[in-house]
Amino acid sequence: MLRSSLHGLPHQEAMDGLEQAFCQEHAGHHVNLRYHHKLLTTMRTAFQPMSYLWPISGELGVIAEGAAIPQSPQRNRQCFEAMRPVLAQLDRP
């Protein structure tokens, strides 16, 4: 999308932007964390009366794991580095 005619960024500039957005802590992470906590609280309240859910589902364990600023950029960096070779293939005319 960053390389589309709408934005027109060169490959390296698009990669740098993605890396900065996903792999470095910034104010957007903190805003996202507030929304994440609100969503998690709301969903737990809604799922509480559903006794037929597996515990991991009812407690929203997978979603709750994503609620940590210090770990997010680290995990994102690992994923980004793993994807880098695939993304490099997109740098073809």
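Here are three exercises, each with a worked solution, on the predicted model shown above.

**Exercise 1. Two helices side by side**

Find how the axes of helix H1 and helix H5 are arranged, and decide whether the two helices are roughly parallel or roughly antiparallel.

*Solution*

Step 1. Locate the helices: H1 covers residues 11-23 and H5 covers residues 71-88.

Step 2. Look at their axes, which come within 9 Å and cross at roughly 160°.

Step 3. Compare this angle with the cut-off: angles over 145 degrees count as roughly antiparallel. H1 and H5 are therefore roughly antiparallel to each other.

Step 4. Add the handedness: the crossing of H1 and H5 is right-handed.

**Exercise 2. A chain of charges**

Which residues are joined into one network by salt bridges that share partners? Work out the links pair by pair.

*Solution*

Step 1. Begin with the total: the model has four salt bridges. Three of the pairs are followed here.

Step 2. Take Arg77 and Glu19, whose side chains form a salt bridge with an N to O distance of 2.6 Å. Arg77 lies in helix H5 and Glu19 in helix H1, 58 residues apart, and this pair links distant parts of the chain.

Step 3. Check how open these two partners are. Glu19 is buried because its relative accessible area is 17%, and buried means under 20%. Arg77, with 28%, is partly exposed.

Step 4. Move on to Glu81, which also forms a salt bridge with Arg77, with the closest N and O atoms 3.5 Å apart. These two residues are four apart in helix H5, so about one helical turn separates them.

Step 5. Glu81 has another partner, Arg84, and here the closest N and O atoms are 3.1 Å apart. Glu81 and Arg84 are three residues apart in helix H5, so about one helical turn lies between them. Both are partly exposed: Glu81 has 36% relative accessibility and Arg84 has 26%.

Step 6. Put the pairs together: the shared partners join Glu19, Arg77, Glu81 and Arg84 into one network.

**Exercise 3. A nonpolar patch**

Find where Trp54 sits in the chain, decide whether Trp54 is buried or exposed, and name the other residues of its nonpolar patch.

*Solution*

Step 1. Trp54 is placed in the loop between helix H2 (27-47) and helix H3 (55-58).

Step 2. The relative accessibility of Trp54 is 66%. Exposed means over 50%, so Trp54 counts as exposed.

Step 3. Its patch partners are Ile56 and Val62. Together, Trp54, Ile56 and Val62 have about 390 Å² of accessible area on the surface.

Key:
Residues are numbered from 1 along each chain as its sequence is written. This is a predicted model: local features need pLDDT of at least 70, side-chain atom pairs count only at pLDDT 80 or more; totals for chains, interfaces and linings use all residues. Side-chain values use heavy atoms; hydrogens and water are left out. Patches are made of residues with over 30% relative accessible area and no salt bridge: like charges are joined within 9 Å, nonpolar side chains (Val, Leu, Ile, Met, Phe, Trp, Tyr) within 5 Å. Accessible areas come from the Shrake-Rupley method with a 1.4 Å probe; for residues, only the protein chains shown count as cover. Buried means under 20% relative accessible area, exposed over 50%, partly exposed in between (1.4 Å probe, protein chains only). Axes are lines fitted to C-alpha atoms, for helices over the stretch in contact, and angles run from 0 to 180 degrees between N-to-C directions. Angles under 35 degrees count as roughly parallel, over 145 as roughly antiparallel, 65 to 115 as roughly perpendicular and the rest as oblique. A crossing is left-handed if the near helix is turned anticlockwise from the far one by less than a right angle, and right-handed if clockwise.
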